[in-house]
Amino acid sequence: MKTLTADRRMIKIAMDAPYLERDEEHALAQAWRNDNDQEARNKIAMSHMRLVIAMAAKFRSFGLPMGDLVQEGHIGLLEAAARFEPSREVRFSTYATWWIRASMQDYVLRNWSIVRGGTSSAQKALFFNLRRLRARLAQGDRQLTSQAMHEEIAAALGVSLADVQTMDARLSGNDASLQAPVGNGDSEGGERLDFLASDAPLPDEQVSSMIDGERARRWLHIALEELSEREMKIIQARRLSEDGATLEELGLDLGISKERVRQIETRALEKLRAALAAKAPALTADMR
């Protein structure tokens, strides 16, 4: 009730503010620009508060408080008054409209959802025009599917089809907390987070994989002891290194041909297969 009363009082003050004639507006702007007259700037801003309220009403469909929209619009109005140049011979309302709208749009984008949306000009145009374009297409003679409607909107605004589909999904639903209770409110109902699917392996699978991996590493370490020094060097360089040395590089390093390196590698792999076969026959197939 207090908020509603304050909004009405603010609207009444704005509507009672006198209009400025072009010459008076120009004189006030000159006083602010040349003499830094704060009172002149404030008078220009106050006389255009009705413009702020009119524009704030256009953003009420986003579900944000009217008072907050007016306050943000007032910030834009003051910014416009501070930057206005009377030498351009345009009315202040024309110039201020852009600053007021930009301030309100920025406020809506910051507060409409806890999920931060895109801030590019194309994303802003999509956010503020999607509903209007969708409603206009729905009223036409053609019966468009959602896909066709999204394609036309994407072409009209110069954005991708995926961006339109994502934004349409965001505008169709409200934010929901992952800690929100599910069920009838009893303690056993759980939270939304409890029902999200996870791609991670189950705990028993993680433990089993860890044990098997440790066992395989231990068996491989034992099998590597069967290799000679040169065989070990080739296997480590070719199979156990992230980069993986070439046959030619190893040949130059060891002073032998690359074909000889290949033969030694083949023989070393056979030794490893034979050593591992005694421990885990299943691992032998993985090395082929």
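A residue is counted as buried when its relative accessible area is under 20%, as exposed when that value is over 50%, and as partly exposed in between. By this criterion, 31% of the 288 residues of the protein chain are buried in the present model, which is a predicted one. The protein chain contains 14 helices and zero strands, and its elements, followed from the N terminus, accordingly read as α repeated along the chain.

The UniProt record, an unreviewed entry, places the feature "domain: RNA polymerase sigma-70" at residues 68-81 and 246-272. In the model, the span of residues 68-81 is 100% helix and 0% strand, with its end C-alpha atoms 20 Å apart. For residues 246-272 the helical share is 85% and the strand share 0%, and the end C-alpha atoms lie 20 Å apart.

Aromatic contacts were examined next. A search of the whole structure returned two aromatic pairs. In one of them, F84 and F92 meet edge-to-face, with 5.3 Å between the ring centres and 85° between the planes. Both F84 and F92 are buried. F84 also pairs with Y95 in a tilted arrangement, at 5.7 Å centre to centre and 50° between the planes. This second pair links distant parts of the chain, since F84 belongs to the loop between α5 (66-83) and α6 (92-111) whereas Y95 lies in helix α6, eleven residues apart. Both F84 and Y95 are buried, and F84, F92 and Y95 together form one aromatic cluster.

Rings also take part in contacts with charged groups. The charged end of R41 sits over the ring of W32, 5.4 Å from the ring centre. The charged end of R101 is placed over the ring of W98, 5.4 Å from its centre.

Twelve salt bridges are present in the structure. One of them joins R91 to E25, with the closest N and O atoms 3.3 Å apart. This pair connects distant parts of the chain: R91 is in the loop between α5 and α6, E25 is in helix α2, and 66 residues separate them. R91 has a relative accessibility of 28% and therefore counts as partly exposed, whereas E25, at 4%, counts as buried.

A further salt bridge is formed by E231 and K271, whose closest N and O atoms are 3.0 Å apart. Because E231 lies in helix α11 (residues 229-238) and K271 in helix α13 (residues 258-279), the pair ties together parts that are 40 residues apart in sequence. E231 is buried, with a relative accessible area of 1%, while K271 is partly exposed at 32%.

Within helix α13, E259 and R262 form a salt bridge in which the closest N and O atoms are 2.4 Å apart. The two residues are three positions apart in this helix, so about one helical turn separates E259 from R262. E259 is partly exposed at 37% relative accessibility, and R262 is likewise partly exposed, with a relative accessible area of 36%. Salt bridges with shared partners also join E231, R267 and K271 into one network.

Two local features complete the description. V207, M210 and I211 make a nonpolar surface patch of about 280 Å². M210 is located in helix α10 (residues 203-224) and has a relative accessibility of 56%, so this residue counts as exposed. N36, a residue other than glycine, has a positive phi near 55°. N36 lies in the loop between α2 (22-35) and α3 (38-47), and its relative accessibility of 48% places N36 among the partly exposed residues.

Conventions
Residues are numbered from 1 along each chain as its sequence is written. This is a predicted model: local features need pLDDT of at least 70, side-chain atom pairs count only at pLDDT 80 or more; totals for chains, interfaces and linings use all residues. Side-chain values use heavy atoms; hydrogens and water are left out. Patches are made of residues with over 30% relative accessible area and no salt bridge: like charges are joined within 9 Å, nonpolar side chains (Val, Leu, Ile, Met, Phe, Trp, Tyr) within 5 Å. Accessible areas come from the Shrake-Rupley method with a 1.4 Å probe; for residues, only the protein chains shown count as cover. A salt bridge is a side-chain nitrogen of Lys or Arg within 4 Å of a carboxyl oxygen of Asp or Glu. Helices (H or I, at least four residues) and strands (E, at least two) are DSSP runs, numbered from the N terminus. Buried means under 20% relative accessible area, exposed over 50%, partly exposed in between (1.4 Å probe, protein chains only). UniProt positions are given in the numbering used here, feature names are shortened, and annotations may be inferred rather than shown by experiment. Rings of Phe, Tyr and Trp (its six-membered ring) pair if their centres lie within 6.5 Å; planes under 30 degrees apart count as stacked, over 60 as edge-to-face and the rest as tilted. A charge sits over a ring if NZ of Lys or CZ of Arg is within 6 Å of the ring centre and within 35 degrees of the ring normal.
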